[in-house]
Amino acid sequence: MAVNGVEFEQRHGKSRVRVGRVWREPSGRHHFVEWNVSISLLSDCLPAYTRADNSDIVATDTMKNTVYVKAKECRQQISVEDFAILLGKHFTSFYPQVSAAIINIIEKPWERINIDGQPHDHGFKLGSEKHTTEVVVKKSGGLQVISGIEGLAVLKTTQVSNAISKTCMLTQASSLLCLSGFEGFVRDKYTILPETRERMFATEVTASWKYSYETLASIPAKQLYFMEKYMGVKKILIETFFGPSKGGVYSPSVQSTLYDMANAVIARVPDVSSIQLKMPNIHFLPVNLSSKDNPIVKFEDDVFLPTDEPHGSIQASLSRLHSKM
């Protein structure tokens, strides 16, 4: 909006509201989640900025308290997406001046523990990758739901003996033995990286996907629907990255594997309209201590130096036609 001859945009909210919620079944089985909630409201509170009039401001402390109250009111286990929608609906309906609410939630990966092969009723351990969501709810009933994964660390090793290396170069069928490579890239005076069809492939996947639902009324009423979809997308990403348990699948580049993973989600999950993947190329460098004076100390077949920096940065997004992230 224009204010005193300048363009002015504003929003306010509360970040890093941490909440844990336990649901207890009559059988004694418990369910537990830990969420980190951030709220941002778009509201008509211009006088607070221009006239020091706070009468239309929803206090951020009130937002924090609302998170705990709404979590308590959820009598059944609920997904992060549904909880974000619930919060967005509250803020846009309860406060006349609020036109839209943007809710971001990160769920910590608490996983049920197994004792002697049996799932424990109320014991959990912390896992790795996090479940994320960003939900935009508008007073008009408009909706945008984006789900995601952060920190999905995956790695596949490769067989790098000289015999296998020669076989991989000679026959396409046996390339399944070499799970990752990189060749045919631009070479110039700054390039020293050798081409290879056998290298370690490690990455930490960050994925976000947008659902096709555009209104509150279009959301499926099924309990834990979004959790089911989240687990399904994660399964597709992992299966596409690794391939079959016997033999795996060859990756000619991070870019090619990223595209295959994203395309598999679009093809197999009709409710997803677009997906974005970020996959840094985390390097494991072969160790070679051989020299002309000591040619025996040679470890490059099975000993590697893990490195965090620098690493390659690869990202891309796929959308169905007429769909945008």
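# Exercises on a Sheet and Its Helices

In this predicted model, eight strands form an open sheet in the order β3-β4-β5-β8-β9-β10-β11-β14, with antiparallel pairing.

**Exercise 1.** Determine which strands are the edge strands of the sheet, and state the average twist from one strand to the next.

*Solution.* Begin with the ends of the strand order, which are β3 and β14. Strand β3 covers residues 12–24 and strand β14 covers residues 315–319; each pairs on one side only, and these two are the edge strands. From one strand to the next, the twist averages 15 degrees.

**Exercise 2.** Describe how strands β8 and β9 pair, and identify the residue of β9 that stands opposite Thr132.

*Solution.* Strand β8 comprises residues 130–138, and strand β9 comprises residues 143–156. Their pairing is antiparallel and extends over eight bridges. Opposite Thr132 stands Gly148, in β9.

**Exercise 3.** Establish which strands are touched by helix α3 and which strands helix α5 lies across.

*Solution.* Helix α3, residues 80–94, packs on the sheet and touches β4 (30–43), β5 (98–107), β8 and β9. The direction of α3 makes about 155 degrees with that of β5. Next, consider helix α5, residues 225–242, which lies across β5, β8, β9, β10 and β11 (272–278). Helix α5 runs at about 35 degrees to β9.

**Exercise 4.** Check the span of α3 against its expected value, then decide whether the helix is mostly covered or mostly uncovered.

*Solution.* Helix α3 has 15 residues, so at 1.5 Å a residue it should span 21 Å. Its end C-alpha atoms are 21 Å apart, which agrees. Turning to burial, eleven of the 15 residues of α3 are buried, and the helix is mostly covered. Among the buried residues are Val80, Phe83, Ile85, Leu87 and Phe91. The partners against which the buried residues of α3 pack are β4, α2, β5, β8, β9 and α5.

**Exercise 5.** Locate Asp61 and Arg199, both listed by UniProt under "binding site", and classify each as buried, partly exposed or exposed.

*Solution.* The unreviewed UniProt entry lists Thr60, Asp61, Phe182, Arg199, Val254 and Asn281 for "binding site". Asp61 belongs to helix α2, residues 60–73. Its relative accessible area is 38%, so Asp61 is partly exposed. Arg199 is situated in the loop between α4 (162–170) and β10 (201–211). Because buried means under 20% relative accessible area, Arg199, at 18%, counts as buried.

Definitions and conventions
Residues numbered from 1 in each chain as written. Predicted model: local features only at pLDDT ≥ 70, side-chain atom pairs only at ≥ 80, totals over all residues. Heavy atoms only, no water. UniProt positions renumbered as here; feature names shortened; annotations may be inferred. Helix = DSSP H or I, 4+ residues; strand = E, 2+ residues; numbered from the N terminus. Buried < 20%, exposed > 50% of the residue type's maximum accessible area, 1.4 Å probe, protein only. Pairing = 2+ DSSP bridges. Axes fitted to C-alpha atoms, helices over the stretch in contact; angles between N-to-C directions. Contact = heavy atoms within 4.5 Å. Expected span 1.5 Å × (residues − 1).
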